[in-house]
Amino acid sequence: TEIGTAVGLRWDTVIPQVAANAELPALSIKIVDPLGTTVTSATHQITILATRNAANEAINGTLTRAAVNGVVTFTGLSIPGTGANYVLVASGPGLDAASSNSFTVTP
């Protein structure tokens, strides 16, 4: 695959512990080429889903957004459930998906 060709996603945000139903911090995800460089021409639609212990979990908010200059930012998301080992997964057409760090949602 050529340098400058969008092949995957990379998280730019580390998600802290958060309370259930509290708004997550703004999440920034870059569309990258094989060297990990942001592809500034990329405008892919990126979707977020929440998982916990390999099972899908509920997440509230707008879960699909378009990248601008190779970066997609999600705001206004919250998770109604509680527990440890939550991971958010970002995916887009033709791109390798990327997982966030693991985090805990407290009551």
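Select Ser-28 to begin: at 17% relative accessibility, this residue counts as buried, since the cut-off for buried is under 20% relative accessible area. The model on display is a predicted one.

**First stop: Ser-28 and its surroundings**

Ser-28 belongs to strand β3. To see what surrounds Ser-28, display Arg-10, Trp-11, Asp-12, Thr-13, Val-71 and Val-72, which Ser-28 touches when residues up to four places away in sequence are not counted. Keep Asp-12 on screen for the next stop.

**Second stop: the salt bridge**

How many salt bridges does the structure hold? There is one salt bridge. Select Lys-30 together with Asp-12: these two residues form the bridge, and their closest N and O atoms are 3.3 Å apart. Lys-30 lies in strand β3 (residues 27–32), whereas Asp-12 sits in the loop between β1 (8–11) and β2 (18–19), so the pair ties together parts that are 18 residues apart in sequence. With a relative accessible area of 40%, Asp-12 is partly exposed.

**Third stop: the whole chain**

Now show the entire chain as a cartoon. The secondary structure comes to zero helices and ten strands, and along the sequence the pattern reads β-β-β-β-β-β-β-β-β-β. Taken along the principal axes, the box filled by the C-alpha atoms is roughly 45 × 25 × 20 Å. A compact globule of 107 residues would have a radius of gyration near 13 Å, and the value of 14 Å for the chain agrees with this.

Switch to a surface view. The accessible surface of the chain comes to about 5,300 Å², and 50% of that area belongs to carbon and sulfur atoms. Of the 107 residues, 38% are buried. Among contacts with a separation of 6 or more, 59% join residues 24 or more positions apart. Colouring by charge brings out 4 positive and 6 negative charges, whose mean positions are 7 Å apart.

**Fourth stop: Thr-51**

Return to single residues and select Thr-51 in strand β4 (residues 45–52). Is Thr-51 buried or exposed? Thr-51 is buried, with a relative accessible area of 15%. Not counting residues up to four places away in sequence, Thr-51 touches Asn-56, Glu-57, Asn-85, Tyr-86, Val-87 and Val-89.

**Fifth stop: Thr-64**

Next, move to Thr-64 in strand β6 (residues 64–66). At 37% relative accessibility, Thr-64 counts as partly exposed. Leaving aside neighbours within four places in sequence, Thr-64 is in contact with Gln-45, Ile-46, Thr-47 and Phe-74. A distance label drawn from Thr-64 to Leu-49, C-alpha to C-alpha, should read 9.4 Å, and these two residues are 15 residues apart in sequence.

**Last stop: Ser-78**

Finally, select Ser-78, found in the loop between β7 (71–74) and β8 (83–91). Ser-78 counts as buried, at 11% relative accessibility. Which residues is Ser-78 in contact with, leaving aside its neighbours within four places in sequence? They are Asn-21, Ala-22, Glu-23, Ile-59 and Asn-60. A last distance label can be drawn from Ser-78 to Thr-104: the two C-alpha atoms are 13 Å apart in space, and the residues are 26 residues apart in sequence.

How values were computed:
Residues numbered from 1 in each chain as written. Predicted model: local features only at pLDDT ≥ 70, side-chain atom pairs only at ≥ 80, totals over all residues. Heavy atoms only, no water. Salt bridge = Lys/Arg side-chain N within 4 Å of Asp/Glu carboxyl O. Helix = DSSP H or I, 4+ residues; strand = E, 2+ residues; numbered from the N terminus. Buried < 20%, exposed > 50% of the residue type's maximum accessible area, 1.4 Å probe, protein only. Rg over C-alpha atoms; globule rule 2.2 N^0.38 Å. Contact = heavy atoms within 4.5 Å. Areas by Shrake-Rupley, 256 points an atom, 1.4 Å probe, with all protein chains shown as cover. Lys, Arg positive; Asp, Glu negative; His and termini not counted. Charge placed at Lys NZ, Arg CZ, Asp CG, Glu CD.
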